[in-house]
Amino acid sequence: MLTQAPKGTLDMLPRDAHRWQSIERAMRRACALAGYREIRTPVFEHTELFQRGVGDTTDVVQKEMYTFEDKGNRSITLKPEGTAGAVRAFIESHMYADALPAKLYYSACPCFRYEKPQSGRLRQFHQNGVEVFGAKDASVDAEIIKLAMDVLKACGIDGLRLNINSIGCPKCRKEYLEKLKEYLRPKLPTLCKTCQERFERNPMRILDCKEDAPKLTDAPAMLDNLCEECADHFDKLKRYLAAMDIGYAIDPRIVRGLDYYTKTVFEIITDTPDGGELTVCGGGRYDGLIEELGGPATPGIGWGMGIERMLMVQDMRGSAPAAPDYLDAFVVTLGDDARMAGMKLVNDLRAQGVKADLDHAARSMKAQFKYANKLGVKNVVVIADDELKLSAVKLRNMTESTEETVPMGQIVERFTRG
Ligand code: ATP
Ligand code: MG
């Protein structure tokens, strides 16, 4: 137990750190280019925020939240997703009074869901995400979709499938829900227990059920029942996507897991080698959420992208970036004076942006070389006390096994020259 991480969690080990960092860099760069600014919200919030913001008929709230009482008897929940916290911060900090839209992003934000751990489904995972508050035009819907594609592409993940749908607005959904309920009513006894419970409060979610959805292929689609405004919005989105050369498929069955979505919903998915599908990114519009949480009526839209799933796709495709060199230079020293000089040299190198290190374990010279080899360092600088008097050091290329003598004063330059 003591040396076993809790179920559904993963360590990010140093050997993979560059992969996380490159994903975060890609995210930050794409977001900066499109005028998005970073927001970081707490890892935990009042439970009520998620009950209201994610919706208490969702799987996330009904089954998956990490909720506990703190020492002050408050009900606290570890964030299962990023949107609710961002909306809370937007309202609390009166960001709605600033220039709108507010274009926000978060990178590698930890999320917690008590799910059955399996491939691609963790209990602590990490999301990149964007949220735009205060823009209702479909151009924003298209922009965030393109942004997701750009981030994925920069991470060696392209050619994924984009599926889009519209789930309408409260106005047109009301009529549609009646039709849907009429269709579902006779099937009700055959549906799972959770879906039976959802029938009154959120029948659309039944179409999203992992168990029941296959039985419901001829259910009426929201897409065929949109009001004029929603139909027009969807039409514009398709035109914006086409204008940016983004291919898509319409999937009337995407309803998304969350209550507050309106109009556009989308998923970016890939096939897995075992014949399944993996959703890497999911998002949509939530024009009702900010008001629902106590802010002024403000449209919103966003997506969340699972970082662990991005890593899985990189692995599946062999497109993981290679690890950069761990060190540019390793300094091997022999004797006390040499060690002092080595310490100074390492610092001079670091000051000039050269990744450098030396032995900190009082190893023999032979062991220092062995250590440098283990680290995969190509260039080793050798300082010995007698050479020190000559103010010269040896520069050894470990891959080519060549060695030359270089004046101490020229070493830094040798590494910075490029
Ligand atoms: P799913 O249908 O796979 O359960 P979801 O609708 O619950 O997905 P969202 O709430 O939209 O997922 O989360 C956005 C993204 O976060 C997902 O597309 C996925 O990449 C990632 N994600 C969600 N849940 C998990 C999890 N338990 N483990 C790892 N990644 C996850
Ligand atoms: Mg889920």
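**View 1. Aromatic pairs, starting with Tyr 66 and Tyr 114.** Search the whole of this predicted model and five aromatic pairs turn up. One of them joins Tyr 66 and Tyr 114, which meet edge-to-face with 5.6 Å centre to centre and 70° between the planes. Tyr 66 belongs to strand S3 (residues 66–69), while Tyr 114 sits in the loop between strand S5 (102–112) and strand S6 (124–133), so this pair ties together parts that are 48 residues apart in sequence. Tyr 66 is partly exposed, at 27% relative accessible area, and Tyr 114 is partly exposed too, at 43%.

**View 2. Phe 90 and Tyr 96, an edge-to-face pair.** Here the ring centres are 6.0 Å apart, and the planes make an angle of 70°. Phe 90 is buried, with a relative accessible area of 0%, whereas Tyr 96 is partly exposed at 27%. There's a bit more company around: ring pairs link Phe 90, Tyr 96, Phe 133 and Tyr 286 into a cluster.

**View 3. Two charges over rings.** Lys 181 lies over the face of Phe 199, 5.8 Å from the ring centre. Over at Tyr 371, it's the charged end of Arg 363 that sits over the ring, at 4.0 Å from its centre.

**View 4. Arg 198, a buried residue in helix H7.** Helix H7 covers residues 193–201, and Arg 198 is part of it. Just 4% is the relative accessible area of Arg 198, so this arginine counts as buried, the cut-off being under 20%. What does Arg 198 touch, leaving aside residues up to four places away in sequence? Its contacts are Thr 57, Thr 58, Asp 59, Gln 62, Pro 203, Arg 205 and Ile 206.

How values were computed: Residues are numbered from 1 along each chain as its sequence is written. Chains are lettered from A and ligands numbered from 1 in the order in which they are written. This is a predicted model: local features need pLDDT of at least 70, side-chain atom pairs count only at pLDDT 80 or more; totals for chains, interfaces and linings use all residues. Side-chain values use heavy atoms; hydrogens and water are left out. Helices (H or I, at least four residues) and strands (E, at least two) are DSSP runs, numbered from the N terminus. Buried means under 20% relative accessible area, exposed over 50%, partly exposed in between (1.4 Å probe, protein chains only). Contact means heavy atoms within 4.5 Å. Rings of Phe, Tyr and Trp (its six-membered ring) pair if their centres lie within 6.5 Å; planes under 30 degrees apart count as stacked, over 60 as edge-to-face and the rest as tilted. A charge sits over a ring if NZ of Lys or CZ of Arg is within 6 Å of the ring centre and within 35 degrees of the ring normal.
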